[in-house]
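Student: Please pick one part and take a close look at it with me. Keep the steps short, and then link it to the rest.

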Amino acid sequence: MEAAVVDVGSKLLKADFAIPDQTPAMIIPTQMKQLLDDGSVTDSSLADNVTVDPVVRGFIRDWDAIEDLLHHVLYTGLGWEIGNEGQILFTDPLCTPKANKEQLVQLMFETFNISGFYASEQAVLSLYAVGRISGCTVDIGHGKIELGKSNPQVNISMSDVEKIKELYSCCAEDELAYQKTGYSCPVEKHTLPDGQVITIGRERYTVGEALFQPCLLGLEAHGIVDQLVRAISTVSSDNQRQLLENTVVCGGTSSMAGFEERFQKESSLSSSAVQPTLVKPPEYMPENLTMYSAWVGGAILAKVVFPQNQHITKADYDETGPSIVHRKCF
């Protein structure tokens, strides 16, 4: 049985067996509804209001909920059989606390009785997905923005601004084709779950443009391209060109129509001696790779670490305990 690869995000969970050139079979919401003890909800309105977010800002916060979610994913979704569990690879956001890493490996071995475990950072996996082993990533997800690079000397991560996430969540399909001047913004009406009707016009570009110009939201911050250039400027000059010329954008937000073009335009205006250049994914990779590039990279890595016995085995875990994750992963 192929190893399972699981990428748990703030908004969506992606899971499937490690087959890199196909879309993961399971792409489901991470948010869960809380039921009563008997598994029912007496009031339908209560069911809509009582929700659980096991993952916040990319990090697992509710371990009971994530256990229930993974049980559904592995046994119902992927068809694992109790007593015949396989190997699993998890993707991890940058700067995951050590305690979280240990609790995850403990959950998998002691609760799910897996035979092998491995985990790797999402930024590195996204590079693997486009055929790179070095470069930098701009990961714009539902709950966080991370700038990271594959380099043994420096780790860089930045979290997003809450206002950007809230605005984006209201208009998830907005395009970036409409700029402040020179274009007329079509007006659309949207009905919210509570029945309220809102009109969206200028917001169609503001929601995405705020990533490049945070001042649109009244924020005193640099845009994502400027943040990327500033971050990479902290490494040696010999490495800057290699990193910036191998830039990968990923995460659900980056799949907005026009995002890559807007990113490239902003890059061309950068005062940096070396301008960020986006890496295009190979043609044989699935469409919309940016939405699940970390999962694809995890599937590629799983084809290496498990056959070559570079993963954590049950014997490793029994001998050392959860701390083994720091020595054999990441």
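**A pair of helices, and what follows**

Tutor: Start with a pair of helices, α2 and α3 (residues 98-110): their axes come within 12 Å of each other and cross at roughly 45 degrees. Keep in mind that this is a predicted model. Two numbers describe a packed pair of helices: the angle between the axes and the distance between them. What does the angle make of α2 and α3? An angle of 35 to 65 degrees is in the oblique range, so α2 and α3 are oblique to each other. Their crossing has a hand too: α2 and α3 cross in a right-handed way.

Now zoom in on α2. Helix α2 covers residues 63-77, which makes 15 residues. How far should α2 span at 1.5 Å a residue? The expected value is 21 Å, and the C-alpha atoms at the two ends are 20 Å apart, which agrees.

Next, the N-terminal end of α2. Aspartate 62 caps that end. One of its side-chain oxygens lies 3.3 Å from the backbone nitrogen of aspartate 64. After the helix comes glycine 79. The phi of glycine 79 is positive, near 80 degrees.

Which residues of α2 are buried? They are Trp63, Ala65, Ile66, Leu69, Leu70, Val73, Leu74 and Tyr75. Hold on to Trp63, for it leads back to α3. Leucine 107 lies in α3. At 9% relative accessibility, below the cut-off of 20%, leucine 107 counts as buried. How far apart are leucine 107 and tryptophan 63? In sequence, 44 residues separate leucine 107 from tryptophan 63, but in space their C-alpha atoms are 8.9 Å apart.

Stay with α3 and step into the loop that comes after it. Asparagine 113 sits between α3 and β9 (116-121). Its phi is near 55 degrees, a positive value in a residue other than glycine. Asparagine 113 is partly exposed, at 43% relative accessibility.

Arginine 57 can be read in a similar order. It is found in the loop between β6 (55-56) and β7 (59-60). Arginine 57 is not a glycine, yet its phi is positive, about 55 degrees. Its relative accessibility is 27%, so it counts as partly exposed.

Now try the reading on another pair. The axes of α7 (residues 224-232) and α9 (residues 259-268) come within 9 Å and cross at roughly 55 degrees. Are α7 and α9 parallel or oblique? They are oblique to each other. The crossing of α7 past α9 is right-handed.

Look at which residues of α7 are buried: Ile224, Val225, Leu228, Val229, Ala231 and Ile232. They cover an arc of only 165 degrees around the axis, so they lie on the same side of α7. Arginine 230 belongs to α7 too. With a relative accessible area of 43%, arginine 230 is partly exposed. Serine 272 is 42 residues from arginine 230 in sequence, while the C-alpha atoms of the two are 9.0 Å apart.

The loop before α9 holds methionine 256, which lies between β14 (247-250) and α9. Methionine 256 is buried, with a relative accessible area of 6%. Glycine 208 is 48 residues away along the chain, and the two C-alpha atoms are separated by 8.1 Å.

Use the side-of-a-helix idea once more, on α8 (residues 237-244). Here the buried residues are Asn239, Leu243 and Leu244. Their arc around the axis is only 120 degrees, which puts them on the same side of α8. What does the face turned away from that buried side carry? It carries the exposed residues Ser237 and Asp238.

End with a residue and its contacts. Aspartate 316 is found in α11 (residues 314-320). Its relative accessible area is 19%, under the 20% cut-off, so aspartate 316 is buried. Which side chains does aspartate 316 contact? One polar contact, of 3.0 Å, joins it to the side chain of threonine 313. Another, of 3.2 Å, joins it to the side chain of lysine 328.

Note on methods: Residues numbered from 1 in each chain as written. Predicted model: local features only at pLDDT ≥ 70, side-chain atom pairs only at ≥ 80, totals over all residues. Heavy atoms only, no water. Helix = DSSP H or I, 4+ residues; strand = E, 2+ residues; numbered from the N terminus. Expected span 1.5 Å × (residues − 1). Buried < 20%, exposed > 50% of the residue type's maximum accessible area, 1.4 Å probe, protein only. Polar contact = N/O pair within 3.5 Å; in protein donor to acceptor, adjacent residues only side chain to side chain. Arc of directions from axis to C-beta. Axes fitted to C-alpha atoms, helices over the stretch in contact; angles between N-to-C directions. Parallel < 35°, antiparallel > 145°, perpendicular 65-115°, else oblique. Left-handed = near helix turned anticlockwise from the far one by under 90°.
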